[in-house]
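Colleague: Could you take a close look at the ligand site for me, and at what lies around it? I would like one connected walk through that part, please.

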Amino acid sequence: MTETSPSQHQPHPPLRPHYETLDEKQRFLRDVFDKSAPFYEGIASWGFFGTGGWYRRGALRRAGLKPGMRVLDVATGTGPTARAIADVTKAPADLVCVEPSRGMLLESRKLLPEAAYLQAGADDLPLADATFDFLTMGFALRHVNSLDGTFREYHRVLKPGGKVLVLDVTKPENAFGIAMWRFYFRDVMPKVTKLFTRSTDASYLMSYYWDTMEQMIPPGDVIASLEGAGFKDVTRRLVLGCFSEYEAVKP
Ligand SMILES: C[S@@+](CC[C@H](N)C(=O)[O-])C[C@H]1O[C@@H](n2cnc3c(N)ncnc32)[C@H](O)[C@@H]1O
């Protein structure tokens, strides 16, 4: 995968122990996220020592989210980013959430009932052109089939001047950071998830996460894909060595 072949950007190569084809990848993900949905809020909370809401609100403010903006949150999951958006804009009814897993949608609806929900994937949004001022995707970029197709959809549904913010965990840049990152996400998270949830599915999801994180394409390719989709002012802010905040503007 190189920056000269933007039409080829997949988040990572097919992960054959888990699925064979891209169609199977989406079925696999819906199934594993459906089964893990009842446990996800807990994992997202203790997995990041209760800092998830604070971090997401900070990232949204750094990217310029303000009250009055019409926002689309893609890959909502149980809604941690959606709730952070509602905290900043103070207008949950102006928020639209898109999520392919029915189980995840059910959980998010319980916690943020005022928002609008649609069951769909990131690369085929059932939404009109030029509708949103701000679009977010929190910790889900690895799950799409094609970054290029996804970012073209984001470009389509944003208004001119609208902004996209993609949050993700990325590989640290020094040996100590990489060792800590591997220890925590590969060795600790699946075991502690099993201990706390007693769910084999949730623990398996954490092991799958590690496989996706280890094989995720480099940040330069994510930036190239955003630029290839027509975005300008594409930047990546690195926070705490492994949290990447990609921002881009629709001209
Ligand atoms: C880790 S959760 C992210 C939840 C939330 N955005 C957050 O900030 O924590 C990843 C979510 O991505 C969703 N997902 C999987 N494949 C997707 C796709 N192709 N398009 C959009 N979302 C997808 C999953 O169902 C899951 O709910």
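Modeller: Happy to; here is a walk from the ligand outwards. Please keep in mind that this is a predicted model.

Let me begin with the shell itself. There are 21 residues around the ligand, and A75, G77, A122, G138 and H143 come nearest. Two elements, α1 (22-46) and α3, give two or more residues to this shell. The largest share comes from α1, with 4 residues. Sorted by class, the shell around the ligand holds 12 nonpolar, 8 polar and 1 charged residues.

A75 deserves a pause. This residue sits in the loop between β1 (71-74) and α3 (80-89). Its phi is near 65°, which is a positive value in a residue other than glycine. A75 counts as buried because 24 C-beta neighbours lie inside 10 Å, where 20 or more are needed. It makes a nice contrast with D233, which also is not a glycine and has a positive phi, of about 50°. D233 is placed in strand β6 (residues 232-239), and it counts as exposed because it has 12 C-beta neighbours inside 10 Å.

From the loop of A75 we move on to α3. This helix is mostly covered, with 8 of its 10 residues buried. The buried ones are P80, T81, A82, R83, A84, I85, A86 and T89. Their cover includes α1, α2 (52-62), β1, β2 (95-98), α4 (102-111) and β4. Just after α3 comes K90, with a positive phi of about 60°.

One of the buried residues of α3, I85, leads us to the nonpolar core. The largest such core has 57 residues, of which L72, I85, L95, L135 and V164 touch the most other members. The greatest contribution to this core is made by α1, with 6 residues. As general background, nonpolar side chains tend to be buried together in soluble globular proteins. V164 gives us a view of the local packing: leaving out residues up to four places away in sequence, it touches L135, Y154, L158, F231 and A248.

Now for the strands. Strand β4 (residues 132-138) pairs with strand β5 (residues 158-169) in the parallel sense, over 6 bridges. Between them the chain passes through helix α5 (residues 147-157), and this β-α-β crossover is right-handed. One of the bridges joins F134 to K163 in β5. β5 also pairs with strand β7 (residues 243-249), here in the antiparallel sense and over 7 bridges. In that pairing, V169 stands opposite F243 in β7.

A last stop is T193, in helix α6 (residues 175-197). With 26 C-beta neighbours inside 10 Å, T193 is counted as buried. Its C-alpha atom is separated by 9.8 Å from that of Y40, although the two residues are 153 apart along the chain. Apart from neighbours within four places in sequence, T193 is in contact with I43, A202, S203 and M206.

To pull the thread together for you: α1 gives the most residues to the shell around the ligand, and α1 also gives the most to the largest nonpolar core. If you want a place to start in your viewer, try A75, one of the residues that come nearest to the ligand, and then follow the chain on into α3, where 8 of 10 residues are buried.

Definitions and conventions: Residues numbered from 1 in each chain as written. Predicted model: local features only at pLDDT ≥ 70, side-chain atom pairs only at ≥ 80, totals over all residues. Near = placed C-beta within 6 Å. Nonpolar A, V, L, I, M, F, W, Y, C, P; charged D, E, K, R; others polar. Pairing = 2+ DSSP bridges. Right-handed = clockwise from strand over helix to strand, strands pointing away. Core = buried A, V, L, I, M, F, W, Y, C linked by C-beta atoms within 7 Å. Contact = placed C-beta atoms within 7 Å.
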